Amino acid sequence: IFDNLKQGSVFIAQEIAGIIRRKQAEGKNCVLGLATGSSPKTVYAELVRMHREEGLSFKNVISFNLDEYYPLDNDALQSYNRYMGEQLFNHVDIDPKNINIPNGEWPKEEIKKYCAEYEALIESTGGIDVQILGIGNNGHIGFNEPGSSRFSRTRLVTLENSTRIANSFEFANISQVPRMAVTMGIDTIMKARKIYLMGWGPMKAPVIQKAVEENVTEQIPASLLQQHNDAIFVVDEMAAAELT
Ligand code: F6R
């Protein structure tokens with residue numbers, strides 16, 4: 001629990017930078033699992049600052065993003081492909097061919113094949129070293145909505161209306177918010193060797209309490225992280241307000 005979002009974000013950025021540098025020193029790639037939305041923006045800003053001011057290099061980084069709206073053009077204002085360029089990738093020295101993001105333009109008839117390839121690619125890199133996550137007000141991680149299987153893998157999912165409403169500020173109106181998304185599964189996320197879930201602000205307090213202190217249930221997907229052996233919830237005082 002940190003005093004504020006800034007301190008929590010700097011902590012996560014330092015952890016990520018430490019893993020990147022350690023693997024660099026070993027001559028190895030570092031595989032990052034990345035999230036979008038409002039929660040990780042300050043983490044990315046801090047990583048960009050460390051790249052500019054402290055020589056943090058992303059040359060050995062391979063990245064996999066959690067999710068993308070479906071269908072959606074890659075250059076749409078709301079696309080997570082675009083978001084990642086703006087928030088992080090355009091400002092650091094990552095090799096563009098090491099960037100992997102589910103694609104809102106994948107053809108529908110072949111989507112199962114693309115999802116299976118995404119999974120296979122994660123495995124062939126040796127798996128995710130560190131995964132960062134936000135949390136939905138309904139407990140979703142990635143776009144794994146309540147009721148998603150613990151054993152789910154990357155797939156096409158239907159978004160809950162509450163998620164579409166929560167994210168509608170990014171779109172002209174609610175009818176423009178895609179009804180579907182491609183997301184890594186819960187099992188994909190649980191295979192990451194280390195996980196940081198971040199929650200900031202009073203809106204996240206009820207779901208943080210449920211995910212951390214109540215029973216493990218697929219109805220609150222983030223609660224499944226209780227069964228991971230290296231998952232850390234990083235929250236500010238406001239998001240921690242309902243913890244006992
Ligand atoms: C985004 C993602 C989502 C968000 C969650 C919280 O890639 O996977 O699970 O992390 O919806 O969103 P924010 O951070 O906007 O509150």
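## Starting with a helix

How far should the 14 residues of helix α4 span at 1.5 Å a residue? The expected value is 20 Å, and the end C-alpha atoms of α4 (residues 111-124) are 20 Å apart, which agrees. Keep in mind as you read that this is a predicted model.

Now look at which residues of α4 are hidden. Cys-115, Tyr-118 and Ile-122 are its buried residues. Seen down the helix axis, they fall within an arc of 55°, so they line one face of α4. Turned away from that buried side is a face with the exposed residues Lys-113, Ala-120, Glu-123 and Ser-124.

## Helix α1 and its two sides

Helix α1 covers residues 5-25, which makes 21 residues. From the first C-alpha to the last, α1 reaches 30 Å, close to the 30 Å expected at 1.5 Å a residue. Its buried residues are Leu-5, Gly-8, Ser-9, Ile-12, Ala-13, Ile-16 and Ile-20. They cover an arc of only 135° around the axis, which puts them on the same side of α1. Try finding Gly-18, Arg-22 and Ala-25 as well: they are exposed on the other side of α1.

Is every residue in a helix simply buried or exposed? Ile-19, found in α1, shows a case in between. Why does Ile-19 count as partly exposed? Ile-19 has 18 C-beta neighbours inside 10 Å, whereas a buried residue needs 20 or more and an exposed one has 12 or fewer. You can also compare Ile-19 with Gln-7: the two are 12 residues apart in sequence, and their C-alpha atoms are 19 Å apart in space.

## The open sheet

Which strands form the open sheet, and in what order? There are 6 of them, arranged β4-β2-β1-β5-β8-β9, with parallel pairing. At the edges are β4 (99-100) and β9 (231-235), each of which pairs on one side only.

For a look at one pair inside this sheet, take β1 (residues 30-34) and β2 (residues 61-65). These strands are parallel and share 5 bridges. Val-31 stands opposite Ile-62 in β2.

## Strands β3, β6 and β7

Strand β7 (residues 180-183) runs antiparallel to β6 (residues 155-158), and 4 bridges join them. Strand β3 also pairs with β7 in the antiparallel sense, over 4 bridges. A good residue to find here is Val-182 in β7: it is the bridge partner of Leu-156 and also of Glu-68.

The faces of β6 and β3 are worth a look too. In β6, Arg-155 and Val-157 make up the covered face, while Leu-156 and Thr-158 make up the uncovered one. In β3, Asp-67 and Tyr-69 point one way and Glu-68 and Tyr-70 point the other way, yet all are buried.

Just beyond, the peptide bond from Tyr-70 to Pro-71 is cis, with omega near -10°. Pro-71 sits in the loop between β3 (67-70) and α3 (80-87).

## Around the ligand

How many residues surround the ligand? There are 14, and the closest are Thr-36, Gly-37, Ser-38, Ser-39 and Gly-134. By type, this shell divides into 5 nonpolar, 8 polar and 1 charged.

## What the record adds

An unreviewed UniProt entry places the feature "domain: Glucosamine/galactosamine-6-phosphate isomerase" at residues 12-230. Over that stretch the chain is 32% helix and 16% strand, and its end C-alpha atoms are 14 Å apart.

Notes
Residues are numbered from 1 along each chain as its sequence is written. This is a predicted model: local features need pLDDT of at least 70, side-chain atom pairs count only at pLDDT 80 or more; totals for chains, interfaces and linings use all residues. UniProt positions are given in the numbering used here, feature names are shortened, and annotations may be inferred rather than shown by experiment. Helices (H or I, at least four residues) and strands (E, at least two) are DSSP runs, numbered from the N terminus. Two strands pair if DSSP finds at least two bridges between them. A residue is near a molecule or strand if its C-beta atom, placed from the backbone, lies within 6 Å of it. Ala, Val, Leu, Ile, Met, Phe, Trp, Tyr, Cys and Pro count as nonpolar, Asp, Glu, Lys and Arg as charged, and the others, Gly among them, as polar. The expected span of a helix is 1.5 Å times one less than its number of residues. The arc is that of the directions from the helix axis to the C-beta atoms.
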